[in-house]
Amino acid sequence: MFIIRPYEKSDYPSIMSYDLPQEQAIYTSMPVDVIEASQNNLGYKPYVVYDQGHLIGCFALFTPYTGNPYTPNDQAIIFKSFSIDSRHQKKGYALRVFQGLADIAREHYPERNEVVLTVHHTNTPAIQLYKKAGLIDQGWRFAGEYGEELIFHLDLTAST
């Protein structure tokens, strides 16, 4: 059964055996680092993606208290550190995560109206995925640590 849910301590052993190739790790964070970051920041919530009892993905939803650097919308959630374990890639899981993202965000953040995410301008597979999943590139850009980042938007007020 495919499920997306908040991280629980019982997920930690699976997180420790997560596999992500170095060429992909440059675009995201390892799940163990996502879990660590959440320990010191109440606005940073890790989520896990399972199918048939196997951990296949991880991401975080972030609600910064200091303002959102990617949008003037103070009701936006930042989607961060998304990855699919290399043993489960190319099976459609990433698209399924994005197809369920609006519902997850609405359930856990009912007061929020948008999800934003950034992607490095050279990460063509991710850019294609986000477009296919219906996220919108409104032309906003962010000067990231490693170069230009495109900012994608998901409207949570749109009908499902």
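Helix-helix angles under 35 degrees count as roughly parallel, over 145 as roughly antiparallel, 65 to 115 as roughly perpendicular, and the rest as oblique. In this predicted model, the axes of helix α4 (residues 93–108) and helix α5 (residues 124–132) cross at roughly 45°, so the two helices are oblique to each other. Here's a quick tour of that pair and of the sheet.

**The α4/α5 pair**
- The axes of α4 and α5 come within 10 Å, and their crossing is right-handed.
- On the α4 side the contact uses A94, L95 and F98, which meet L129, Y130 and K132 of α5.
- That contact breaks down into 5 nonpolar residues, no polar ones and 1 charged.

**R96 in α4**
- R96 sits in helix α4 and counts as partly exposed because its relative accessibility is 37%.
- Y109 comes 13 residues away from R96 along the chain, with 20 Å between their C-alpha atoms.

**The sheet**
- You've got 7 strands in an open, mixed sheet, running in the order β1-β2-β3-β4-β5-β7-β6.
- The edges belong to β1 (3–6) and β6 (136–144); each has a single partner strand, so one side of each has no neighbour in the sheet.
- From one strand to the next, the twist averages 30°.
- Strands β2 (residues 44–51) and β3 (residues 54–62) pair antiparallel over 8 bridges, and V49 has G57 in β3 as its bridge partner.

**Helices on the sheet**
- Helix α3 (residues 31–39) packs on the sheet and touches β2, β3 and β4 (76–84), with its direction at about 145° to that of β2.
- Helix α4 lies across β1, β2, β3, β4, β5 (114–120) and β7 (147–155), and runs at about 150° to β4.

Notes: Residues numbered from 1 in each chain as written. Predicted model: local features only at pLDDT ≥ 70, side-chain atom pairs only at ≥ 80, totals over all residues. Heavy atoms only, no water. Axes fitted to C-alpha atoms, helices over the stretch in contact; angles between N-to-C directions. Helix = DSSP H or I, 4+ residues; strand = E, 2+ residues; numbered from the N terminus. Left-handed = near helix turned anticlockwise from the far one by under 90°. Contact = heavy atoms within 4.5 Å. Nonpolar A, V, L, I, M, F, W, Y, C, P; charged D, E, K, R; others polar. Buried < 20%, exposed > 50% of the residue type's maximum accessible area, 1.4 Å probe, protein only. Pairing = 2+ DSSP bridges.
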